[in-house]
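Q: I would like to learn how to read a structure feature by feature. Can we take one and work through it?

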Number of protein chains: 2
Amino acid sequence: MIEDKNPQRTPVEQLGEFGLIDFLTSQVALQHESSILGIGDDAAIIHSKDHTVITTDMLVEGVHFDLSYVPLKHLGYKAVMVNLSDVYAMNAIASQITVSIAISSRFPVEAVKELYDGIHLACKTYSVDLIGGDTTSSTSGLIISVTAIGHQKEEKIIKRDGASDGDLLVVSGDIGAAYMGLQILEREKAVYQANPNNQPDIESYSYLLERQLKPEARKDIPELLEQLEVTPTSMIDISDGLSSEVIHLCKNSNVGMKIYEDKLPLDPTVITSCEEFNLDSTTIALSGGEDYELLFTVKQEDFPKIKANPSLSIIGHAVPENEGIHLITRAGEQIPIKAMGWNSFKE
Amino acid sequence: MIEDKNPQRTPVEQLGEFGLIDFLTSQVALQHESSILGIGDDAAIIHSKDHTVITTDMLVEGVHFDLSYVPLKHLGYKAVMVNLSDVYAMNAIASQITVSIAISSRFPVEAVKELYDGIHLACKTYSVDLIGGDTTSSTSGLIISVTAIGHQKEEKIIKRDGASDGDLLVVSGDIGAAYMGLQILEREKAVYQANPNNQPDIESYSYLLERQLKPEARKDIPELLEQLEVTPTSMIDISDGLSSEVIHLCKNSNVGMKIYEDKLPLDPTVITSCEEFNLDSTTIALSGGEDYELLFTVKQEDFPKIKANPSLSIIGHAVPENEGIHLITRAGEQIPIKAMGWNSFKE
């Protein structure tokens, strides 16, 4: 591998805050009709006749990401995805983001640009306008705070509280892969630290790594549901883990839930890597987190419209609240589901 | 002073992220008609027929504040003010905020509650709804990222770009006090570190300290201007320092500016404290920052409506762009104004 022995390192203080903002955002053109004014005033201006949804997430170095194996461009992309995922989970169309970053002096301008390359790529791919933010220094690590804005007609917005007894529980894509991707990255980091000459063996895990490092928000799922003429009764995105999100849906909708172990959509590489790591793949599917798939309930009468769709898996159904939330195992056992999703306050 | 020798210290992990959010926000009631849905779903929902303005600012421990002398409640209040100030600078009515925090394990639940007490107080005082946010752990200090949202009719929004040659430059309140408050806090910290038994001598500086620790955003100024039937041609808030903000207005409006040293509104305690610290009070007024006053331009014909108002000072006037931006000293000298405001990337 040919390495650039003298990569350019321009200290951020050479540009200053306003110079840095100009450098990072001068190429930004507004695409959305609802974006009236972008970067460069005290506030951005947006306008839509529809309702506005707004969501925000903060990513902290050493808590949410490890820069020893996460490329900055991927990190910028992912920081946008985790927020857009919340907009799509409201069945809204994402239209704007603001991005605030705090960076320590170990980040040269070139590194910040890489981060923004990922942010700009996400904006372009998902047709979202970067309309504002803040850029400041930090005393230690990198912090990224993104706020995402979307629009939708009032009657089309889907919240967490509309599920009823008998509704079917549906998940998009597959789950557990992002968590297994993280396990592989952590293992390869340990191997590298023990012997920096070891070549990482990650080719067979490319799907898992992609799910961890470059997740995609499911912009396509609300579009697909519209085509299928299916209106979910409730919806949430899977960021902390399936079990945690199911509990949120149930609490907000005052229902219980039965989930069937044999229906959980797992990629074959999740199963093989779980075997390799001696992990139970059902536990990983339930608690892994960071999948950024959409989890939603639909009326039973919509079953024919979605049953054969390769992007959607029916994994269970709502029951009365007093029946609780259970996993039905392959052996037919009922196991109560507890929130075991990711919690940044616990080790 | 009677001190509680055993203050309660509940570790945050005892509550977990969702428990902490419940604890901090369970009292929140939405006041604004435009707040449709607050905390508790993937995103909040707002709706207004008017245009929406949106702004965001991040405060980082060790860069923007020093917890050895900033009480957490004041910090929470200030984090909201900094953002509302930007909304008022658009001549909009602030209506919602989201608040994201990252906290290290040295902050017990009680400390986070103090921070949120300040945030809730700010919301109540300024009639703003807390509609969302994020709560996460950090590996070192405290980080607060606030996004503020406001609404205003399209034709009433005031940007930075509307000033013309001949317009009068007006500033609300007085400037420089927040910076001198910081100098006093830094001095008292050094005195305390040298000898912890020394009692701090800060009573005579109470105005300066209040301006630094508990600034108020000028919600009243857009209201006053409406009463006076004055529509500013351009407006900005003073966060980084007068000189820096004047340059922003001039750049955006393609004008130059003359500012008169003898017109700068300084509180008497700014002048006495500057003498004490051997600082030039005009330099402090120009470069101090964190005043959160509003700076705006008005048509000359509005002069009679504002000239006698105790909340407003006319400090200069716009000139053609090619004449540049100058301070006219008491001695009649013209000194070019350069941005010397606060920059987090420089020491």
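**Reading a two-chain model**

A: We can start with one residue: M81(A) lies in helix α2 (residues 72–88) of chain A. Keep in mind throughout that this is a predicted model.

Q: Is M81(A) buried or exposed, and why?

A: The usual approach is to count neighbours. M81(A) counts as buried because it has 24 C-beta neighbours inside 10 Å, and the cut-off for buried is 20 or more.

Q: Which residues is M81(A) in contact with, leaving aside its neighbours within four places in sequence?

A: The contacts of M81(A) are A122(A), P215(A), E216(A), A217(A) and Y292(A). Not every distant residue in sequence is a contact: Q183(A) is 102 residues from M81(A) in sequence, and their C-alpha atoms are 21 Å apart.

Q: What does such a list look like for a residue of chain B, say Y205(B)?

A: First place the residue. Y205(B) sits in the loop between α4 (177–194) and α5 (206–213) of chain B. Y205(B) is buried, since 24 other C-beta atoms lie within 10 Å. Not counting residues up to four places away in sequence, Y205(B) touches I184(B), T269(B) and S273(B). For one of these, T269(B), the separation from Y205(B) is 64 residues in sequence and 7.2 Å in space, C-alpha to C-alpha.

Q: How do I read chain A as a whole, and how many helices and strands are there in chain A?

A: Begin with the inventory, then the overall dimensions. Chain A has 10 helices and 13 strands. The radius of gyration of chain A is 21 Å, close to the 20 Å that the globule rule gives for 347 residues, so chain A is as compact as a globular protein of that length. Along the principal axes, the C-alpha atoms of chain A fill a box of roughly 65 × 55 × 35 Å. Of the 347 residues of chain A, 53% count as buried. Among contacts in chain A with a separation of 6 or more, 86% are between residues 24 or more positions apart.

Q: What confidence values go with the model, and what is the mean pLDDT of chain A?

A: The model scores ipTM 0.91 and pTM 0.93. For chain A the mean pLDDT is 93, and 96% of its residues reach 70 or more.

Q: How do I read a sheet, and in what order do the seven strands of the open sheet in chain A come?

A: Follow the strand order, then look at the edges. The order in chain A is β8-β10-β7-β11-β9-β12-β13, and the pairing is mixed. At the edges stand β8 (234–237) and β13 (334–336) of chain A, each with a single partner strand, so one side of each has no neighbour in the sheet. From one strand to the next the twist averages 25 degrees.

Q: Which strand does β8(A) pair with, and in what sense?

A: β8(A) runs antiparallel to strand β10 (residues 294–298) of chain A, joined by four bridges. Within this pair, M235(A) stands opposite F296(A) in β10(A). A parallel case is strand β9 (residues 255–260) with strand β12 (residues 325–328), both of chain A, which pair over four bridges. There I259(A) is opposite L327(A) in β12(A).

Q: Where do the side chains of a strand point?

A: In a regular strand the side chains alternate between the two faces of the sheet. In β8(A), S234(A) and I236(A) point one way and M235(A) and D237(A) the other way, and all are buried.

Q: How many residues of β4(B) are buried, and which strands pair with it?

A: Of the 11 residues of β4(B), 11 are buried. β4(B) runs antiparallel to β6(B), with nine bridges between them, and A102(B) stands opposite I143(B). β4(B) also pairs with β5(B) in the parallel sense over eight bridges; here I97(B) has L130(B) as its bridge partner.

Q: How do I read the interface, and how many residues are in contact across it?

A: Count the residues on each side, then ask which elements supply them. Here 51 residues of chain B are in contact with 52 residues of chain A. On the side of chain B that touches chain A, elements giving two or more residues include α1 (12–25), α2 (72–88) and β8 (234–237) of chain B. β3(B) gives the largest share of that side, nine residues. The residues on that side of chain B divide into 19 nonpolar, 21 polar and 11 charged.

Q: Which strands pair between the two chains?

A: Strand β3 (residues 51–60) of chain A pairs with β2(B) in the antiparallel sense over three bridges. I54(A) stands opposite A44(B) in β2(B).

Terms used. Residues numbered from 1 in each chain as written. Chains lettered and ligands numbered in written order. Predicted model: local features only at pLDDT ≥ 70, side-chain atom pairs only at ≥ 80, totals over all residues. Contact = placed C-beta atoms within 7 Å. Nonpolar A, V, L, I, M, F, W, Y, C, P; charged D, E, K, R; others polar. Pairing = 2+ DSSP bridges. Axes fitted to C-alpha atoms, helices over the stretch in contact; angles between N-to-C directions. Rg over C-alpha atoms; globule rule 2.2 N^0.38 Å. Buried ≥ 20, exposed ≤ 12 C-beta atoms within 10 Å, placed from the backbone. pLDDT = per-residue confidence, 0-100.
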